[in-house]
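Student: Could we go through this model together, one feature at a time? I would like to see the reasoning behind each answer.

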Amino acid sequence: PPSFCLADPKFLFYDHSLVESAKLEEPYTQEFFRLLALCHTAMSEEKREGELVYQAQSPDEGALVTAARNFGFVFYSRTPETITVIEMGETKTYELLAILDFNNVRKRMSVIVRS
């Protein structure tokens, strides 16, 4: 994995049951944070060596990607064909098949990937 800090030092979180579930590597918790790390349109940039910064379309999107990062699912990079995530220290690259943008009819956005 890259040499940057995986956690965002400004992130504060108080739900101890979710923290414990993440530490125990419970499958549903891992899937939840994996999806937060994948399903967005944010971009990442390594500003300085060791500092990964996200550029998101909305504050909510940025907060969700940051939350996943602090629970061990770090959105690392995106290309037109792939999304790379560092999951609990292991780098995984997903094939990006489609992005369905947010709209007022669906009231959601979707990302379709293949592992």
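**The sheet and its surroundings**

Tutor: Gladly. This is a predicted model, and in it four strands, ordered β3-β4-β5-β6, form an open sheet of 4 strands with antiparallel pairing.

Student: Which are the edge strands of this sheet?

Tutor: An edge strand pairs on one side only. In this sheet that description fits two strands, β3 (73-78) and β6 (110-114).

Student: By what angle are neighbouring strands of this sheet turned against each other on average?

Tutor: The value is an average over neighbouring strands, and direction is ignored. Taken that way, the turn comes to 40°.

Student: How many bridges join β4 to β5, and which residue stands opposite Val85?

Tutor: β4 and β5 run antiparallel, and the number of bridges joining them is 6. As for Val85, its place opposite is taken by a residue in β5, namely Lys92.

Student: Which helix lies across β3, β4, β5 and β6, and at about what angle does it run to β3?

Tutor: The helix lying across those four strands is α2. Relative to β3, α2 runs at about 25°.

**Aromatic rings**

Student: How many aromatic pairs are there, and what kind of pair do Phe32 and Phe33 make?

Tutor: Ring pairs are counted when their centres lie within 6.5 Å, and the count comes to 3. For Phe32 and Phe33, the centres are 5.0 Å apart and the planes meet at 70°. Planes over 60 degrees apart count as edge-to-face, so the Phe32 and Phe33 pair is edge-to-face.

Student: Which residues form the aromatic cluster?

Tutor: Phe32 and Phe33 belong to one cluster, and a further phenylalanine joins them. The members are Phe32, Phe33 and Phe71.

Student: Is Phe33 buried or exposed?

Tutor: Buried means under 20% relative accessible area. Phe33 has 2%, so it is buried. Phe32, at 45% relative accessibility, counts as partly exposed.

**Positive phi in two loops**

Student: Where is Glu25 found, and what is its phi?

Tutor: Glu25 sits in the loop between α1 (16-23) and α2 (27-38). Its relative accessibility is 45%, so Glu25 counts as partly exposed. Although Glu25 is not a glycine, its phi is positive, at about 55°.

Student: And where does Met88 lie, and what is its phi?

Tutor: Met88 lies in the loop between β4 (82-87) and β5 (90-100). With 38% relative accessibility, Met88 counts as partly exposed. Met88 is not a glycine, yet its phi is positive, at about 50°.

Technical notes: Residues numbered from 1 in each chain as written. Predicted model: local features only at pLDDT ≥ 70, side-chain atom pairs only at ≥ 80, totals over all residues. Heavy atoms only, no water. Buried < 20%, exposed > 50% of the residue type's maximum accessible area, 1.4 Å probe, protein only. Phe/Tyr/Trp six-rings, centres within 6.5 Å; stacked < 30°, edge-to-face > 60°. Pairing = 2+ DSSP bridges. Axes fitted to C-alpha atoms, helices over the stretch in contact; angles between N-to-C directions. Contact = heavy atoms within 4.5 Å.
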